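Visitor: I would like to learn how to read a model like this one. Where do we start?

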Amino acid sequence: MAESRKVAVIGAGASGLVTACELRREGHRVVVFEKSNQLGGLWVYNPRVETDLLSLDPNREIIHSSLYKSLRTNLLRQLMSFSDYSFDCAENVNRLNFPEHEEVLKVLNEFAKDFGINELIRFNTEVVRVAPVEFGGNRWVVESKSEELSSEEVFDSVVICNGHYTVDSTQSCKYSRRIFHHIDMKFDGMA
Ligand SMILES: Cc1cc2nc3c(=O)[nH]c(=O)nc-3n(C[C@H](O)[C@H](O)[C@H](O)COP(=O)(O)OP(=O)(O)OC[C@H]3O[C@@H](n4cnc5c(N)ncnc54)[C@H](O)[C@@H]3O)c2cc1C
């Protein structure tokens, strides 16, 4: 087995959960930082939209999830599964071939529970800076903020799993009609 490293994983969405699980399986010491109060990332449906639909205001409140209410996966449930974890674990769901977003979130929660990932997660803790430790021999300082309290901790490695779909790119669109990004389309027929 490789040397055990202290690893920070940023984000407790699907990528962060699997990453944490595999790193721990390999004997590493893992801390998962999650800025929200629950795991699941994009799959946590939030009906609210951002105050600035074009995301021009840098001080706007960022809504992480871009799911709309009736969203179902665009992959078959068999393809949505992790390689050693069935998608059929969640209860009280419709078990559709292309699952509803509620089912995906339930599966992620079951996965985290079954593999003991919850205990690795620091909820409500946002990473605000990652930087190499000066003269620290390839280590990283991770600065995080939780309830206005900042703290710094040194890790051997950092894995960034913060998601890609929070910041839209409509600013670059040249179009005379009304524009908004799908991140702000939360209800069926809203256009
Ligand atoms: C509308 C839509 C539909 C999709 N449908 C499918 C589908 O059907 N099938 C499929 O396989 N994929 C689908 N995807 C792709 C989807 O991105 C992946 O399924 C998956 O959710 C990505 O997981 P992630 O962990 O990379 O990111 P996310 O789920 O976005 O999770 C990132 C996490 O990081 C946290 N975070 C961010 N920044 C920080 C920080 N600084 N400090 C601490 N925590 C932080 C966030 O709070 C969040 O919990 C879809 C994507 C979109 C946008």
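Guide: Start with burial. A residue is buried if 20 or more other C-beta atoms lie within 10 Å of its own. This is a predicted model. In helix 3, the buried residues are His101, Glu103, Val104, Leu105, Val107, Leu108, Phe111 and Ala112.

Visitor: Why might residues such as Val104 and Leu108 fall on one side of a helix?

Guide: An α-helix has 3.6 residues a turn, so residues three or four places apart point the same way. In this model, Val104, Leu108 and Ala112 are among the buried residues of helix 3.

Visitor: What do the buried residues of helix 3 pack against?

Guide: Their partners are helix 1 and helix 2 (77-80).

Visitor: Why does the length of helix 3 agree with its residue count?

Guide: Use the rise of 1.5 Å a residue. The 14 residues should therefore span 20 Å, and the end C-alpha atoms are 20 Å apart. Just after helix 3 comes glycine 116, with a positive phi of about 65°.

Visitor: How many helices and strands does the protein have?

Guide: Three helices and seven strands. Read from the N terminus, the order is β-α-β-α-α-β-β-β-β-β. Burial can also be taken over the whole chain: of 191 residues, 25% count as buried.

Visitor: And contacts along the sequence?

Guide: Take contacts between residues at least 6 apart in sequence. Of these, 55% join residues at least 24 apart.

Visitor: Which residues have the most contacts inside the largest nonpolar core?

Guide: They are Val9, Leu17, Ala20, Val30, Val32, Leu108 and Ile117, in a core of 30 residues. Two or more core residues come from each of strand 1 (6-10), helix 1 (14-25), strand 2 (29-33) and helix 3 (101-114). Helix 3 gives the most, six residues.

Visitor: Pick one core residue. What is valine 32 in contact with?

Guide: Set aside neighbours within four places in sequence. Valine 32 is then in contact with Val9, Ala12, Gly16, Ala20, Leu120, Ile121 and Arg122. Val9 and Ala20 are also among the residues with the most contacts inside the core.

Visitor: Now the ligand. Which residues are closest to it?

Guide: Gly11, Gly13, Gly41, Thr73 and Gly163, out of 27 that surround the ligand. By class, the shell has 12 nonpolar, 12 polar and three charged residues.

Visitor: Which elements supply at least two residues of that shell?

Guide: Helix 1 and strand 4 (126-132). The largest share, three residues, comes from helix 1. Helix 1 also gives two or more residues to the core.

Technical notes. Residues are numbered from 1 along each chain as its sequence is written. This is a predicted model: local features need pLDDT of at least 70, side-chain atom pairs count only at pLDDT 80 or more; totals for chains, interfaces and linings use all residues. A nonpolar core is a set of buried Ala, Val, Leu, Ile, Met, Phe, Trp, Tyr and Cys residues joined through C-beta atoms within 7 Å. A residue is buried if 20 or more other C-beta atoms lie within 10 Å of its own, exposed if 12 or fewer, and partly exposed in between; C-beta atoms are placed from the backbone. Helices (H or I, at least four residues) and strands (E, at least two) are DSSP runs, numbered from the N terminus. Two residues are in contact if their C-beta atoms, placed from the backbone, lie within 7 Å. A residue is near a molecule or strand if its C-beta atom, placed from the backbone, lies within 6 Å of it. Ala, Val, Leu, Ile, Met, Phe, Trp, Tyr, Cys and Pro count as nonpolar, Asp, Glu, Lys and Arg as charged, and the others, Gly among them, as polar. The expected span of a helix is 1.5 Å times one less than its number of residues.
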